[in-house]
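User: Hi! Could you walk me through this model?
Analyst: Happy to, here it is.
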Amino acid sequence: MNDPNGETLRTYEQAAALYRERTTRTGNEPDDLVGLVAEHAPAGAHVLEVGSGPGFDATRLDALGFRVRRTDATLAFVELQRAEGHAIDVLDVRTDDLGGPYDVVFAHAVLLHIERAELPQVLTRLHDAVRPGGLLAMTLKEGDGEEWSRHKVERPRHFTYWRETPLRAALAGAGWEPVVLEHPAATYGAWLRSLSRRG
């Protein structure tokens, strides 16, 4: 497929409700990203969440006192959240104006859909959207190469896998300084969980 990210977005458009039904976030997951942000971000921080999906993480961030701008590139997710009374914007992290500056960019299991060659540019765009000293919190699948998977939603989603060394290089190249870069092992595979600071 010529546009893996576009095909993945089409899958989410068709399967947003199913994804929400089959996804749970309790805060006890090894790759929990909300807890990592709570440890490092200032109280009341302004957070840009990219790929908000069903909004589980944004709801937890809200409850912790953060000011969250919910966004997603999938209109179906945006409509689901609006129907629940949430303010959320349609935003494609690859192409749209990100606004800002923010204190934190939050991307939980989102940038793993970005192709390897595209990620450095996306990381640079996120760098430019935060204040000096601002944070980027993200999780990626750990491994080699890439693949298409029908897991969970029974439609194709594209995943790009990363190892720590090339991820550190991509972050540094975009002006990020890793503060935390961990390898949490979950029942649903190996992950990289990172929190980086804008230099």
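User: Which residues have the most contacts inside the largest nonpolar core?
Analyst: Leu111, Leu123, Leu126 and Met138, in a core of 34 residues. A nonpolar core is a set of buried Ala, Val, Leu, Ile, Met, Phe, Trp, Tyr and Cys residues joined through side-chain atoms within 4.5 Å; buried means under 20% relative accessible area, exposed over 50%, partly exposed in between (1.4 Å probe, protein chains only). This is a predicted model: local features need pLDDT of at least 70, side-chain atom pairs count only at pLDDT 80 or more, while totals for chains, interfaces and linings use all residues. Residues are numbered from 1 along each chain as its sequence is written, and side-chain values use heavy atoms, leaving out hydrogens and water.
User: Cool, what does Leu111 touch, leaving out residues up to four places away in sequence?
Analyst: Val93, Leu119, Val122, Leu123, Leu126, Met138 and Leu140, where contact means heavy atoms within 4.5 Å.
User: And helix 5, which of its residues are buried?
Analyst: Leu119, Val122, Leu123, Leu126 and His127. Helices (H or I, at least four residues) and strands (E, at least two) are DSSP runs, numbered from the N terminus. These buried residues cover an arc of only 145° around the axis, so they sit on the same side of helix 5; the arc is that of the directions from the helix axis to the C-beta atoms.
User: What's exposed on the other side of helix 5?
Analyst: Gln121 and Asp128.
User: Switching topic: is Gln81 buried or exposed?
Analyst: Gln81 is buried, at 0% relative accessible area, and belongs to helix 4.
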